[in-house]
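Me: Could you take a close look at one part of this protein for me, the largest nonpolar core, and set it in the context of the chain?

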Amino acid sequence: MQMICLFHAFVKKGNKEGQILRPSSLASPPKSVGVIIKARTETLLTLEWSKVNNFSYILRDSNGTEIPLTVSADGSVLRCTVSSLSPGTKYSFVLYAMLKGLKHSTFNFTAVTSPSNVASVSVKARSETALTFEWSKVNNNNAYIYILRQSNRSEMYTPMYWGESMARRTVSSLRPGTKYTFTLYTVFFGERSSGYNFSAATMPVNVARVNVTQRFTDQLEFSWEEVKSSNISYILRDSSKAETTIAALGKDSVIRHTVSALSPGTRYRFTLYTVFEGVRSRGLTFTSVTASLTVTGVHCEHLPGGTALVLVWDAPSGQWTGVEVQMKGRNPQYLNGTRLEFHDLHPALWYDVTLKLCSGDVKGAPVSIRCQTDPRGVIAGVILVLLFIIFLVCLGVVTHRRSVLKRKAQSDFNTNQASSQEAEEGAHNAPVLAKQQSSDGKKHCGQRMNKKKRVKPIQQNPYINPYM
C-alpha cells in the first residue's frame with residue numbers, strides 16, 4: 001500500500017482565493033476530522049479532509065502501518081491517494097491529528113475500492129420474449145451483488161445463488177427479433193464497478209408456413225411469406241444437415257427457393273430457420289415428397305370364364321409406397337405389388353383402368369389402359385346359339401317340306417280318286433247318253449274313248465302313311 005498526499009490551498013470565509021491564511025499563535029486541537037472519499041477505482045482511494053493549522057497527520061492502514069503526512073502551515077485541504085489496493089475490498093483507516101508529536105484527535109473510517117467487472121456474460125437461454133443471462137461471480141465472492149440495467153429501462157437486482165459459482169438473471173417482456181443493450185454492474189458495499197456493457201438479441205419468430213409451389217421428380221420449389229422484421233435472413237436445413245442461407249427480399253415479400261438434385265418419389269425433411277443478428281428461430285420443420293415416376297409396362301391378361309381379368313405392370317424404379325388402381329365404376333384400390341385381379345365382370349366387355357404411382361400422399365401422373373375380358377366363352381356361346389338356330393331353321397324347313405309334300409300328296413290322291421269315280425259314272429251312263437245324243441254320239445264317244453286312253457295309271461305316294 002502506498003500513500004501520496006497532495007495539498008490544495010484556498011481562501012476561507014471571505015478571503016479571496018489564492019490568499020494564504022496565517023496560523024494563530026495558539027492552535028486549538030481539532031474536535032474531529034471529516035474524511036471523504038474524493039475518488040475511487042479498483043486499486044486506488046483518494047481521501048480528502050480539511051487541515052487544521054499547525055497540525056500534522058498520521059494515517060494508519062488496516063495492516064497497522066503508520067505513515068506520517070507532512071503538511072504545510074497554510075490553510076488548505078489535504079488530499080491523500082492510497083494506491084496498490086485490491087478491487088472490491090473494504091479497508092479500515094485511522095487518521096491522527098498530531099501537534100508537537102502528540103496525538104490530539106483520532107478519526108477512524110473505512111473505505112472500499114470499486115469491485116471488478118464480470119469477465120463476460122453469456123446467454124444461457126433465449127426465446128422470442130425473454131433472455132436468460134449467466135456469468136461467473138467475480139472472484140467467486142458471494143459478498144458481491146449485481147445490478148443489470150437495460151437501456152431505457154429501470155435497473156434490476158440479481159438474486160444470489162449461494163454456493164454456486166454462476167449467477168443468472170432472466171429479462172422478460174421483450175419483443176421478438178430485437179437487439180437490446182445491457183450494462184451489468186458488480187456492487188460491493190453500495191459501490192459499483194465501472195459496468196460491463198453487452199448486447200443480446202431475442203429469438204425471431206418462425207415463418208407462418210411453407211408452401212410447395214412446384215413438384216418434380218428431381219426438385220422441389222418452396223415459397224413462404226417473409227417475417228415482418230428488419231435484418232432478417234433464412235437458413236434451410238435438409239435431412240442430411242446441409243444448410244443453405246437465403247437472403248431476404250424485403251418486407252411483405254414472398255421468398256421462393258428451389259431444392260434440386262433429389263430422387264423421384266422420395267420424402268424429404270426440412271427445417272426453415274429465421275435468422276436475426278446470428279440468432280435462429282426455433283425452426284419450422286416440414287416434409288415434402290418429390291413427384292413419382294409413372295407406371296410402366298402395363299398390360300392385361302385374361303382369366304378363364306370371361307368374368308375376370310388380371311392387370312400387370314412393371315416394378316417402378318425409385319422410392320414409392322404403392323400403386324393406386326381404379327377401374328371405372330368401382331372404388332380405387334391401393335396396393336404395393338405389381339399385379340391385381342378384377343372379378344365379377346362381364347365377358348367380352350371393355351373396361352377402363354387408371355394407375356397412379358404413389359409416394360406417400362403424392363401421386364404420379366396417371367396411366368390409363370382399356371382391358372377386355374376373355375371373349376372365348378361368348379364366341380363359343382354365340383356359335384352354339386347359331387348352330388341351334390340353324391338346326392331350328394333346318395328342322396322348320398324339313399317340317400314345312402314334309403307338310404307341303406303331305407298336302408300335295410293328299411291333293412293328288414283326292415284328284416285321282418275323283419277321276420276314277422267320274423270314269424265309272426261315265427261308263428254307267430253311256431247308253432243313256434247315246435240315246436240323248438244320237439246325232440253326234442259317235443263323235444263324242446270317240447273323243448271319250450280317246451281321253452280314256454290317255455289317262456295314266458295312278459301312282460302310290462311314298463310319303464303317305466299306310467296306316468292313315
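Reply: Happy to help; here is a walk through that core, with some context first. This is a predicted model, in which local features need pLDDT of at least 70 and side-chain atom pairs count only at pLDDT 80 or more, while totals for chains, interfaces and linings use all residues. Residues are numbered from 1 along each chain as its sequence is written, and side-chain values use heavy atoms, with hydrogens and water left out.

The protein chain has three helices and 32 strands (DSSP runs numbered from the N terminus: H or I of at least four residues for helices, E of at least two for strands). Of its 468 residues, 34% are buried, meaning under 20% relative accessible area with a 1.4 Å probe, protein chains only.

Now to the core itself. A nonpolar core is a set of buried Ala, Val, Leu, Ile, Met, Phe, Trp, Tyr and Cys residues joined through side-chain atoms within 4.5 Å. The largest one holds 21 residues, and Phe222, Trp224, Tyr234, Leu236, Phe270 and Leu272 touch the most other members. Two or more residues each come from β18 (220-225), β19 (232-237), β21 (254-259) and β22 (267-276). Of the elements, β22 gives the most, with four residues.

Tyr234 is worth a closer look. Leaving aside residues up to four places away in sequence, Tyr234 touches Val207, Trp224, Ile255 and Leu272, among others; a contact means heavy atoms within 4.5 Å. Its partners also include Glu226, Thr244, Thr245 and Thr274.

Elsewhere, a second, separate core of 20 residues includes Trp135, Leu174, Phe182 and Ala200.

Conventions:
Buried < 20%, exposed > 50% of the residue type's maximum accessible area, 1.4 Å probe, protein only.
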